[in-house]
Amino acid sequence: MVDFLEEGGRVVGVNTNRGRIRAERVGIAAAGHSSVLAKLAGFRLPVTSYACRPWSSEPIKPVLDTVILSPGTGAYVSQSDRARIVMAPWLDLCPSYAQRGSSR
């Protein structure tokens, strides 16, 4: 479990199971869990996490050099740097931190 070190209302480091780490600046890079860690540090991020179930193809010749996104549904299509077409057809429409997958 990580706990934040605070002094004078400012985060100055973290406590970990391997000891204390002090720093002038502390960043949160925890993807969808960033808002959970921010809450532990005493502030709120304007982020809501939704699960999505992306699919990817076998590598194919590059055909797509942009990301196509539907803001209303969260669906997107892009081509990865490994030449796979990646598509997420929808978001689960309730906030979630679930990490699940299937071969469907």
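This is a short tour of one predicted chain, from its overall make-up to two groups of strands and a buried glutamine.

First, the ground rules. The model is predicted, so local features need pLDDT of at least 70 and side-chain atom pairs count only at pLDDT 80 or more, while totals for chains, interfaces and linings use all residues. Residues are numbered from 1 along each chain as its sequence is written, and side-chain values use heavy atoms, with hydrogens and water left out.

**Overall make-up**

The chain has one helix and nine strands (DSSP runs numbered from the N terminus: H or I of at least four residues for helices, E of at least two for strands). In sequence order the pattern reads β-β-β-α-β-β-β-β-β-β. Of the 104 residues, 19% are buried (under 20% relative accessible area, with exposed meaning over 50% and partly exposed in between, using a 1.4 Å probe and protein chains only). The accessible surface is about 8,200 Å², and carbon and sulfur atoms hold 55% of it (Shrake-Rupley method, 1.4 Å probe; for residues, only the protein chains shown count as cover). Among contacts with a separation of 6 or more, 40% are between residues 24 or more positions apart (contact means heavy atoms within 4.5 Å).

**Strands S1 to S3 and the helix**

S1, S2 and S3 make an open sheet in that order, with antiparallel pairing (two strands pair if DSSP finds at least two bridges between them). S1 and S3 are the edge strands, each pairing on one side only. On average, neighbouring strands here are turned by 30° against each other, direction ignored (axes are lines fitted to C-alpha atoms, for helices over the stretch in contact, and angles run from 0 to 180 degrees between N-to-C directions). A hairpin with two residues in the link takes S2 into S3, and Gly13 sits opposite Arg22 of S3. On the S1 side, Phe4 has Val14 in S2 as its bridge partner.

Helix H1 (residues 34-41) buries Ser34, Ser35, Ala38 and Ala41. These buried residues fall within an arc of 110° seen down the axis, so they line one face of the helix (the arc is that of the directions from the helix axis to the C-beta atoms). Their cover includes S1 (3-7) and S2. Just after H1 comes Gly42, with a positive phi near 95°.

**Strands S5, S7 and S8**

S7 and S8 form a hairpin with five residues between them, and Ala83 in the turn has a positive phi of about 70°. S8 (residues 85-88) alternates: Val86 and Ala88 point to one face and are buried, while Ile85 and Met87 point to the other and are not. Ser56 has Val86 in S8 as its bridge partner.

Here are the antiparallel pairings with their bridge counts:

| Strands | Bridges |
|---|---|
| S1 and S2 | five bridges |
| S2 and S3 | four bridges |
| S5 and S8 | two bridges |
| S7 and S8 | four bridges |

**Gln79**

Gln79 is part of S7 (residues 75-79), and its bridge partner in S8 is Ile85. Is Gln79 buried or exposed? It counts as buried, at 15% relative accessibility. Its side chain reaches the backbone oxygen of Ile60 at 3.3 Å and the backbone nitrogen of Leu64 at 3.0 Å. Leaving aside neighbours within four places in sequence, the contacts of Gln79 include Pro62, Val63 and Arg84.

Terms used:
A polar contact is a pair of N or O atoms within 3.5 Å; within protein, one must be able to donate a hydrogen and the other to accept it, and residues adjacent in sequence count only if both atoms are side-chain atoms.
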